[in-house]
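Trainee: I should like to understand the pockets and the nonpolar cores of this protein. May we go through them together?

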Amino acid sequence: MRITAVDSFVLHVPVTGGHIEDSSHKVDRWGVPMARIETDEGITGFGYTGTHGHLPTDRLIAECIKEAYGPLLIGEDPMSAEALWNKLYNCSPIRWVGRSGITHLALSAVDIALWDIRAKAAGAPLWKLLGGDEEKRIEAYNTDWGWLHLSLETLVSGCKRLVEEGYNGVKIKVGSSDIQVDSKRVAAVRHAIGSERKLMVDANGKFDLPTALHMGKHLSDYDVVWFEEPLWFEDLLGHVRLASAIDMPIALGEQLYTLCDFANFVAMGAVHIVQADATRLAGITEWLKVADLAYAHRLPVVPHVGDMAQVHLHLCIAHPACDTLEYIPWLKEVFEEPARVRNGRFCVHQMPGASTTPTESAIARFRVA
Ligand code: MG
């Protein structure tokens, strides 16, 4: 099989309620810069990354997919996973202008599209191609009622509704300007969902070290499962100091972009829950190496879902470090086989591929010029 064409386009999909906020971001649409790769055997692969829907930069990612990676892919065998990734990352001049950011997100979309082709060629869902077991159940936790801009009443009623729907866990945002307000929200949600359900807390990199130390000690009072992105994303030493001073497990990884970044955090004991995201980590090929690294250190991998769980569900079924996955329903109207949660567990994808093929109607509805 040979690659015959590489194209790209951008979808913008509205988020729940038209707008969400955490401590660091305001988002009204999820950006989906998408790669479409065609082959001489009639198989077409789709892959994408996830953004905050800023059209000028989404266009740059799309252009990078088509204009920078496209010519390197034409005529290649899409089945050569490692060789192709090595060509696109290690042996191309593109790496010189970015080992994270636009070029890396574009490579993520390309690599995921290539894995979609491999699974479609095998006639199997990706989890099966990667050796997964259909009987493995992946628990879903939901973040979509935990946003920082929601009133206390809306936050509490939303989280309560999620556990009534069957979710065993919810995640809420902290990092408002007043740490007392954060504490009050954590306490109220813990009270509302009861002691049996899981509660996770995410600061999106907002706190300085003294505030994170204070918060981290306080969270133990509410049986919080993990403290996510407490400090600035790349502050390795800060996370080392924090991890040595609090009992609360630290989760991070959604803004780490390479295997080496993860290796450093793992080696220093600065992360306990590894949140690798294939849409930011130059795709599935590198994600698998990060998951193996975590597994070798007996650390769980709970992916951040820049893909809104479509691809990561396959990876979680396939990889022994995974048993839990985040769910945010923003892309549920985009794909032929959208991720679905029933009674708090993900339904297992059955169609061949990586579940990244958008419907024609979704393209017509969400594509931006
Ligand atoms: Mg997060």
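The discussion below treats the pockets and then the cores.

Mentor: This is a predicted model, in which local features need pLDDT of at least 70 and side-chain atom pairs count only at pLDDT 80 or more, while totals for chains, interfaces and linings use all residues. Residues are numbered from 1 along each chain as its sequence is written, and side-chain values use heavy atoms, with hydrogens and water left out.

Trainee: What volume does the largest pocket have?

Mentor: On a 1 Å grid over the protein atoms alone, a pocket is an open set of points where a 1.4 Å probe fits, with protein on both sides within 12 Å along at least five of seven lines. Points are joined across faces, edges and corners, and a volume is the space filled by probe spheres set on them. For the largest pocket, this volume is about 510 Å³.

Trainee: Which residues lie nearest the centre of the largest pocket?

Mentor: Lining residues have an atom within 4 Å of a point. The largest pocket has 31 of them, divided into 12 nonpolar, 12 polar and 7 charged. Those nearest its centre are Trp30, Gly50, Thr51, His52 and Arg280.

Trainee: Which element gives the most to the lining of the largest pocket?

Mentor: Helices are DSSP runs of H or I with at least four residues, and strands are runs of E with at least two, numbered from the N terminus. Helix H1 (55–73) and helix H3 (102–122) give two or more residues to this lining. With 3 residues, the element that gives the most is H1.

Trainee: From which domains does the second largest pocket draw at least three residues each?

Mentor: Domain bounds come from an automatic or database domain assignment. The second largest pocket holds about 290 Å³ and is lined by 18 residues. The domains in question are domain 1 (3–122 + 360–368) and domain 2 (129–346).

Trainee: Where does the largest nonpolar core lie?

Mentor: A nonpolar core is a set of buried (under 20% relative accessible area, 1.4 Å probe, protein chains only) Ala, Val, Leu, Ile, Met, Phe, Trp, Tyr and Cys residues joined through side-chain atoms within 4.5 Å. The largest has 93 residues, and Leu331 is among those with the most contacts inside it. Because both domains give residues to this core, it lies between domain 1 (3–122 + 360–368) and domain 2 (129–346).

Trainee: Leaving aside neighbours within four places in sequence, with which residues is Leu331 in contact?

Mentor: Contact means heavy atoms within 4.5 Å. With those neighbours left aside, the partners of Leu331 are Val13, Trp30, Val32, Tyr48, Asp307 and Met308.

How values were computed. Ala, Val, Leu, Ile, Met, Phe, Trp, Tyr, Cys and Pro count as nonpolar, Asp, Glu, Lys and Arg as charged, and the others, Gly among them, as polar. Buried means under 20% relative accessible area, exposed over 50%, partly exposed in between (1.4 Å probe, protein chains only).
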